[in-house]
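Q: Could you take me through one part of this model in close detail? I would like to look at the loops and what sits in them.

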Amino acid sequence: MLGTGTMGQGIAQVVAGAGMEARLFDVDSAKVASAIKAIASVTQRVVEKGKLTESARSTLLANLVQTSSLEQACDGIDLCIEAIPERMELKISVLSEVLAKSPSGVIVGSNTSSLSITEIGTRLGIPGRTVGLHFFNPPPVMELLEIVRGVGTEESTLTRALELASALKKTPIVVNDSPGFATSRLGVALGCEAIRMLESGVASVEDIDRAMELGYRHPMGPLKLGDLVGLDVRLGILEHLHRELGEQFRPPSLLRQMVRAGRLGKKTGEGFYKWTADGVAIAPPRLKLPGLS
Ligand code: 3HC
């Protein structure tokens, strides 16, 4: 598992929970230790709820391997799942190092939300063994695994990805490589429009979210979901889709301002909502709508 941010940590938990060894690596080794600590704590709560046995939790934790060098992380692996920041050059540079240290035949599964799997595979020189493995936040809870087939992805790699989905008890969809795939493209379109509606004073944060939660039965409204995913992550996806697909994905200026101000959502304690340490979202006061008393 390359990268131990929100997604890397959650994916490692899923892999280890399915009985596979998950080696965790991050350039910042302190992050690896804190990811393992966080998994220990979240799974403790699941045990307390009676959804996981103590012995299954111990097995899960034993499957997590803390590594402090890329050599150690890559030794003998057959699959590298990458969940590092969404910058193409960074991904290529780190994954090139991974390939140099891994057994030949290793498969690269990128958790990118929107970047091109075809480009990653081609630039790494292993288009056949590169595939998108797109998980959703929070990975232990969300059922979907979006498998992205690059132009050169071989059938055997796709088969391996489908086998992985089944082992992890996820439901797969297979999508051809395209900016934002199926999920991010639709998800950010909704999120982006919700921010534009907030900017133009259509309704308050809470009421825009309620529109989708109560009217459309979404588990969480688009603004709260942006906070959960991370507004920096959302902005990154929008910038990419704006470049690739055009005007409808132009990032709203409110989103840019919030990211500049470090209001990234749940992970920084403030986004469209204020977030308590226990993960409770507190909505801002209702907006007074322009032109209305
Ligand atoms: N490990 C194991 N179980 C966990 C967990 C974890 N890390 N986190 C939560 N859970 C479990 C809880 O124990 C609880 O289990 P229970 O129902 O059996 O008691 C269950 O998940 C639900 O959790 P909560 O009770 O804390 O909270 P909610 O019922 O409010 O659900 C939610 C929270 C699952 C996040 C729900 O609001 C939801 O589905 N929201 C939408 C999430 C979504 O759309 N994600 C996709 C984002 S896009 C993305 O990730 C793509 C990326 O590329 C940007």
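**A close look at the loops**

A: Happy to. Lys51 makes a good starting point: this residue sits in the loop that runs between helix 2 (29–48) and helix 3 (54–62). Keep in mind throughout that the model is a predicted one. Lys51 has a relative accessibility of 66%, so it counts as exposed, the cut-off being over 50%. On the surface, Lys51 belongs to a patch of positive charge, together with Arg45, Lys49 and Lys266.

While you are in this area, have a look at helix 2 itself, where you will find Ala33. With a relative accessibility of 33%, Ala33 counts as partly exposed, because that value falls between the 20% and 50% limits. Ala33 also has a partner to look for in space: its C-alpha is 9.2 Å from the C-alpha of Thr67, and 34 residues separate the two in sequence.

Next, move along to the loop between strand 5 (130–134) and strand 6 (144–149), which holds Pro138. The peptide bond that joins Asn137 to Pro138 is cis, with omega at about 0 degrees.

Two further loops each hold a residue with a positive phi. Lys169 is found between helix 7 (155–167) and strand 7 (171–176). Its phi is positive, at about 60 degrees, although Lys169 is not a glycine. Lys169 is also exposed, with 72% relative accessibility. Arg217 lies in the loop between helix 9 and helix 10 (222–229). For Arg217, too, phi is positive and near 60 degrees, and this residue is something other than glycine. The relative accessible area of Arg217 is 76%, so it is exposed by the over 50% cut-off.

Finally, go to the loop on the other side of helix 9, between helix 8 (183–199) and helix 9 (205–215), and pick out Ser204. Is Ser204 buried or exposed? Ser204 is buried, because its relative accessible area is 6% and the cut-off for buried is under 20%. Its side chain has a polar atom 3.1 Å from the backbone nitrogen of Asp207. That distance makes a good one to display on your screen: show the side chain of Ser204 along with the backbone of Asp207.

To recap the loop residues, Lys51, Lys169 and Arg217 are exposed, whereas Ser204 is buried.

Conventions. Residues numbered from 1 in each chain as written. Predicted model: local features only at pLDDT ≥ 70, side-chain atom pairs only at ≥ 80, totals over all residues. Heavy atoms only, no water. Helix = DSSP H or I, 4+ residues; strand = E, 2+ residues; numbered from the N terminus. Buried < 20%, exposed > 50% of the residue type's maximum accessible area, 1.4 Å probe, protein only. Polar contact = N/O pair within 3.5 Å; in protein donor to acceptor, adjacent residues only side chain to side chain. Patch = residues over 30% accessible without salt bridge, like charges linked within 9 Å, V, L, I, M, F, W, Y side chains within 5 Å. Areas by Shrake-Rupley, 256 points an atom, 1.4 Å probe, with all protein chains shown as cover. Salt bridge = Lys/Arg side-chain N within 4 Å of Asp/Glu carboxyl O. Lys, Arg positive; Asp, Glu negative; His and termini not counted. Charge placed at Lys NZ, Arg CZ, Asp CG, Glu CD.
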